[in-house]
Amino acid sequence: MKKFLFPAGMFLIYFAILFACEFLGFFSPLLWVYFGVVAALLAAAPVMAAVARFNKIGMIAMFPILYLLIMILLGEASQPVVIAGVVLVSILAEVVRRLVGYKKQLSLRLGYAIAAVASGMYILPLWTKTEWYYEAAIEEMFSQDYADGLMKFATPLGLIAQIALSFAVGYLGTLIAESLFKNKVKISE
């Protein structure tokens with residue numbers, strides 16, 4: 001039981017970071033579309049610490065999948081495209097870790113950077129169900145201006161930018177976590 005307290009604590013920190021970053025979206029459409037990029041930077045340390053300590057298959061995927069399950073229970077993730085996106089990104093992160101090698105720090109960096117893209121999957125309906133998303137944004141934010149602002153990002157380039165930035169900033173987050181927390185986030189090779 002004691003063995004699971006550390007990863008559970010790291011998940012709670014991860015959850016708090018992602019949940020807080022989602023609230024950035026109330027300030028502007030830009031911050032809503034890119035909340036996952038901010039979360040990718042801030043959430044790197046707890047994920048890396050947990051995985052470095054318990055370097056097992058599925059540890060990277062556990063974070064976005066558990067977050068998804070909680071969001072489903074809270075009614076915040078009901079779109080099949082969101083669920084599929086988070087699950088597929090999480091699986092891809094684990095596949096890359098397996099291919100690179102679980103005992104290599106690069107696998108942790110790349111695995112986290114890929115898994116960091118999962119938080120952006122919550123707004124995937126902006127690109128897959130644009131009209132529905134527009135109407136939902138007006139209803140949720142009580143503002144057509146806000147919904148119009150979101151539509152500026154509802155292009156293929158907007159989706160590519162969101163994914164690429166989440167990955168790049170997630171990778172940067174791993175490097176920053178390594179420099180700040182040294183051996184706490186490094187895999188013993």
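**Close-up 1. V100 in helix α6 of a predicted model.** Let's start with V100, a residue of helix α6, which covers residues 80-100. The model shown here and in the views that follow is predicted. V100 counts as partly exposed because its relative accessible area is 21%, and the buried class is kept for values under 20%. For a distance to try in your own viewer, pick the C-alpha atoms of V100 and G111: they are separated by 9.4 Å, with the two positions 11 residues apart along the chain.

**Close-up 2. The salt bridge between E178 and R109.** How many salt bridges does a search of the whole structure find? The search finds one, and here it is: E178 pairs with R109, and their closest N and O atoms are 2.8 Å apart. The two partners belong to distant parts of the chain, since E178 sits in helix α11 and R109 in helix α7, 69 residues apart. As a general reminder, side chains of opposite charge can pair when their charged atoms come close. Is E178 buried or exposed? E178 is buried, because its relative accessible area is 8% and the limit for that class is under 20%.

**Close-up 3. A nonpolar patch on the surface.** Which residues make up the nonpolar surface patch? Its members are V38, L41, L42, L172, L175, I176, L180 and F181, and together they give an area of about 660 Å². Two helices, α3 (35-42) and α11 (156-181), each supply at least two of these residues. Helix α11 has the largest share, with five residues. On the α3 side you will find V38, which is partly exposed because its relative accessibility is 30%. On the α11 side is L175, also classed as partly exposed because its relative accessible area is 35%.

**Close-up 4. L175 and A45 across the chain.** This view stays with L175 of helix α11 and brings in A45, a residue of helix α4 (residues 44-53). Although 130 residues apart along the chain, the two have C-alpha atoms separated by 9.5 Å. Their accessibility classes make a handy contrast: A45 is buried, with a relative accessible area of 19%, whereas L175 is partly exposed at 35%. The value for A45 falls in the buried class because that class takes everything under 20%.

**Close-up 5. The largest pocket.** If you are looking for a site to put a grid box around, you may like this view: the largest pocket has a volume of about 740 Å³. Its lining consists of 25 residues, and those nearest the centre are W32, E76, Y122, Y133 and E140. Helices α1, α9 (130-141) and α10 (144-151) are the elements that give two or more residues to this lining. Which element gives the largest share of the lining of the largest pocket? That is α9, with seven residues. Sorted by class, the lining of the pocket has 17 nonpolar, four polar and four charged residues.

**Close-up 6. An enclosed cavity.** Now for a space that a probe cannot leave: the count of cavities of 30 Å³ or more comes to one. About 70 Å³ of space lies in the largest cavity. Lining this cavity are 13 residues, with Y14, L18, Y112, A115 and A116 nearest its centre. The elements giving two or more residues to the lining are α1 (5-22), α3, α5 (59-73) and α7 (105-116). What classes do the lining residues of the largest cavity divide into? There are 12 nonpolar residues, one polar residue and no charged ones.

**Close-up 7. F142 and its positive phi.** The last view turns to the loop between α9 and α10, where F142 lies. Phi of F142 is near 55°, a positive value in a residue other than glycine. For background, most residues other than glycine have a negative phi. Is F142 buried or exposed? F142 counts as exposed because its relative accessibility is 75%, and the exposed class takes values over 50%.

Definitions and conventions:
Residues numbered from 1 in each chain as written. Predicted model: local features only at pLDDT ≥ 70, side-chain atom pairs only at ≥ 80, totals over all residues. Heavy atoms only, no water. Patch = residues over 30% accessible without salt bridge, like charges linked within 9 Å, V, L, I, M, F, W, Y side chains within 5 Å. Areas by Shrake-Rupley, 256 points an atom, 1.4 Å probe, with all protein chains shown as cover. Salt bridge = Lys/Arg side-chain N within 4 Å of Asp/Glu carboxyl O. Helix = DSSP H or I, 4+ residues; strand = E, 2+ residues; numbered from the N terminus. Buried < 20%, exposed > 50% of the residue type's maximum accessible area, 1.4 Å probe, protein only. 1 Å grid on protein atoms, 1.4 Å probe; cavity = no way out; pocket = protein on both sides within 12 Å on 5 of 7 lines; lining within 4 Å. Points joined across faces, edges and corners; volume = space filled by probe spheres on them. Nonpolar A, V, L, I, M, F, W, Y, C, P; charged D, E, K, R; others polar.
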